[in-house]
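Trainee: Could we take a close look at one part of this model? I'd like to go through the place where two chains meet.

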Amino acid sequence: MSSQQYIMHGGVHVAGHKALSTDKAMSTLALPERLMIPTRQHRGIGGKLLVAEGDYVYKGQPLTEQRATGSYLVHASTSGTIEKVGRFLVPHRSGYSCIGVSIKVDGKEDWGNYRLAPMKDFVTIDNALLLDRINDAGVVGLGGAVFPTAVKIGSGAKQGALKTLIINAAECEPYITCDDVLMRTEADQIVTGIQVMLKMLSPEQCLIGIEDNKPEAIAALKEAVAKLDHRTIKVIVIPTIYPSGDAKQLTKILTGVEIAKGKRSYELGILCHNVATAHSLYKAVVLGEPLLSRLVTVTGAGVKEPQNFDVLLGTPFTHLVQAAGGYTNKAERLLMGGLMMGYPMHTDEIPVVKATNCVLVLPESDLAYSSDMAMPCTRCGKCVEVCPPKLLPQQLYWHSRANDLERVQKHNLADCIECGCCSYVCPSNIDLVSYFTHAKGALREERQKQEKIDQARERFEFRDFRIQRDKEERDAKRAEHKAALQKKKAAMAAKKAQEGENSVSATDSKQDAIKAALARVQAKKKAQQEQTSDSSKTESKQD
Amino acid sequence: MIVAILTLLGLALFFGLLLGYAAIHFKVKGNPIVDKLDAALPQTQCGQCTFPGCRPYAEAIERGEAEINQCPPGGETTIQELADIMGVETIPLNDDHGEHSDTPEVAVIIEDQCIGCTLCIQACPVDAIMGAAKQMHTVIADECTGCELCLPPCPVDCIVMLPIKQNIERWNNPLPLALENIPVVVETAPKVVQGE
């Protein structure tokens, strides 16, 4: 249990721009007119919709049902009427739509019977029940990866003997301050959420990693932890460097452990959760509220009054921007997420989802990197120096550009965390990280194609086998039938033969009878003749 | 002398037994070349190569009865792979068998026109069509290879081939604008005519 710190490889110092939004207190947002809630807001596939157009839904009512695997619950963030079920634009780089519902908000915030039973004394409650609760509340990792928390905790608990639970409070991305604000205002609740995790995982130690650019949040957390007198929880202040908030980098900084390629952190006895996730665990378990809202930072030179809002999931970006005073004349780019890893959005007619931590509106000149002025790669090696997972971005760049999927795999593309440090430092303005996300997608496509090919081969071979088997079965049946027929024929013949023998004797007896009858008849005739001759004799005698 | 002969005889016997054992116990089952060729083929099972499926085509190539350029769905990349396996030169795709297309397609049954004759079900090489006699049929899109073998048997022409729709799951981040994609404008200065 040491609080010794290690140094991660690479990383960059980026101007934080956090003061823009962190100075103002958290604001509550007026209810929007309507919410758009997509069914898929997590890793995996969307759940099965439970509601239809025209239905009235209460706050906290599940809108979807879990399918067998890979789908998790989404709830109605407030009460209202389902206006439309269909495809809606979602915050995604592709600009494609996704199945979801729109709710016409009635403003009553009526929970109906959908508030889950509060579990205030969670320490005495069975882990399986707590896990079910987390699952039913639709809690996912709010740090950005939106991985289902119940699955993560479940796999960590299954592994047994967890050494370190890491709470990620680093928030290293420039501009984003929602975790900072959350820690400053709700530190006690966060620590209670952490206690839920401690109860379920019972790790040897729990380290809260937080960057030193958030002094107020550090003080608040330390105070909340001190109140508990909980010896396993420690707040560890780390130097500010991007991307210290990446789970793997934070693990390295706090414990010195590097997670090997293809390994999961829980296999090494380490699990990492975000502070906002801990807060939503508190809400789910202690208050019985599903994940219905989250803190969102609205910031950048493109909005008039940058600040943080507690936002209901499904609230349109337009509503948020309006609440932040609207766009300034510098607004040119809309990003979801931070400056370094945020994705450009096609439109602002999209809803806040579980993954939305920041709505960033920037002038073109404030972007961290863009490929507009790209020049040829000079192999200067600056990207190698800053790459946290110690990859060779310049090599990966060449192979990705040439679509040489075999080589990019050999250069461990899968370990790229897409932090964007390489793009940020590139003196030739090459948007390296976009090449890597493209190559990752191409690898995924290739894998899916291969799966489909294997499936087609299997099905073709099975069809051949099936046809062959059916034919053999038919032939066997036919042969059996034929054999049975022949047997029957043989039996008939045998019977006939026997019958023939019998009939021979019968005819004999018949013929005998006929003969006897004939003989009798003849004898009779003879006797008659004799009589007549006798009588004629007598007649002639009389004449 | 006798010792030498016996030694050699013994050795011969020993190695003979070893080889005999190896021949039986380490025998390679099946034909590895055919497996390799089959793995390189796209498994559409469309029969455009004139053989009833990808494996029969692979077997024909191995026997030397077919050329390596008879697979339109595979296109150039498949021809390249087949050439590498067989150790021959690549040749362009034989147009007699069809044209290569890069957009993958699936068969879709126009359901209100289907009369439930089951002919397409019997034609499908991968059992990707569901249905029963006098019941509407439908294609399992995930399992359809786009081979088009169900089109000719349909008596009412209610099967159409549609390109696979793009969606969020299938979408891939495009490559950023590379140098070669940026239009280069060459400006030439107007000719300066002296003396004006």
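How many salt bridges are there between chain B and chain A? And could you then walk me through what surrounds that contact?

Mentor: Sure, and keep in mind throughout that this is a predicted model. The count between chain B and chain A comes to four salt bridges. One of them pairs B:Asp38 with A:Arg457, where the closest N and O atoms are 3.3 Å apart. On the side of chain B that touches chain A, the elements giving two or more residues are α2 (32-40), α3 (54-63) and α5 (119-123) of chain B. Sorted by class, that side has 21 nonpolar, nine polar and eight charged residues.

Now the whole interface. In total, 38 residues of chain B are in contact with 33 residues of chain A. The size of an interface is often given as the accessible area lost when the parts come together. Here the area buried between chain B and chain A is about 3,000 Å², and carbon and sulfur atoms give 52% of that. For polar contacts between chain B and chain A, the count is 13 residue pairs, with both residues at pLDDT 80 or more.

Next, zoom in on B:Gln43, which sits in the loop between α2 and α3 of chain B. Setting aside neighbours within four places in sequence, B:Gln43 is in contact with A:Ile453, A:Ala456 and A:Arg457 on one chain, and with B:Asp38, B:Cys54 and B:Thr145 on the other. Two of those names should ring a bell: B:Asp38 and A:Arg457 are the salt-bridge partners from before. B:Gln43 counts as buried because its relative accessible area is 1%, and the cut-off for buried is under 20%. Its side chain has a polar atom 2.7 Å from the backbone oxygen of B:Asp38. There is also a polar contact, at 2.9 Å, between the side chains of B:Gln43 and B:Gln45. Further along the chain, B:Pro73 is 30 residues away from B:Gln43 in sequence, yet their C-alpha atoms are separated by 9.0 Å.

B:Gln45 deserves a look of its own. Like its partner, B:Gln45 lies in the loop between α2 and α3 of chain B. Its phi is positive, about 60 degrees, although B:Gln45 is not a glycine. B:Gln45 counts as buried too, since its relative accessibility is 2%. For a contrast, go to B:Lys134, in the loop between β2 (129-130) and β3 (138-139) of chain B. B:Lys134 also has a positive phi, near 60 degrees, in a residue other than glycine. But B:Lys134 is exposed, with a relative accessible area of 74%. So the two residues share a positive phi, while B:Gln45 is buried and B:Lys134 is exposed.

Finally, step back to chain B as a whole. Chain B has five helices and four strands, and along the sequence they run α-α-α-α-β-α-β-β-β. Of its 196 residues, 33% count as buried. Chain B exposes about 13,000 Å², with carbon and sulfur atoms supplying 61% of that area. Among contacts in chain B between residues at least 6 apart in sequence, 51% join residues at least 24 apart.

Note on methods
Residues numbered from 1 in each chain as written. Chains lettered and ligands numbered in written order. Predicted model: local features only at pLDDT ≥ 70, side-chain atom pairs only at ≥ 80, totals over all residues. Heavy atoms only, no water. Buried < 20%, exposed > 50% of the residue type's maximum accessible area, 1.4 Å probe, protein only. Contact = heavy atoms within 4.5 Å. Areas by Shrake-Rupley, 256 points an atom, 1.4 Å probe, with all protein chains shown as cover. Buried area = accessible area lost by both parts, 1.4 Å probe. Salt bridge = Lys/Arg side-chain N within 4 Å of Asp/Glu carboxyl O. Polar contact = N/O pair within 3.5 Å; in protein donor to acceptor, adjacent residues only side chain to side chain. Nonpolar A, V, L, I, M, F, W, Y, C, P; charged D, E, K, R; others polar.
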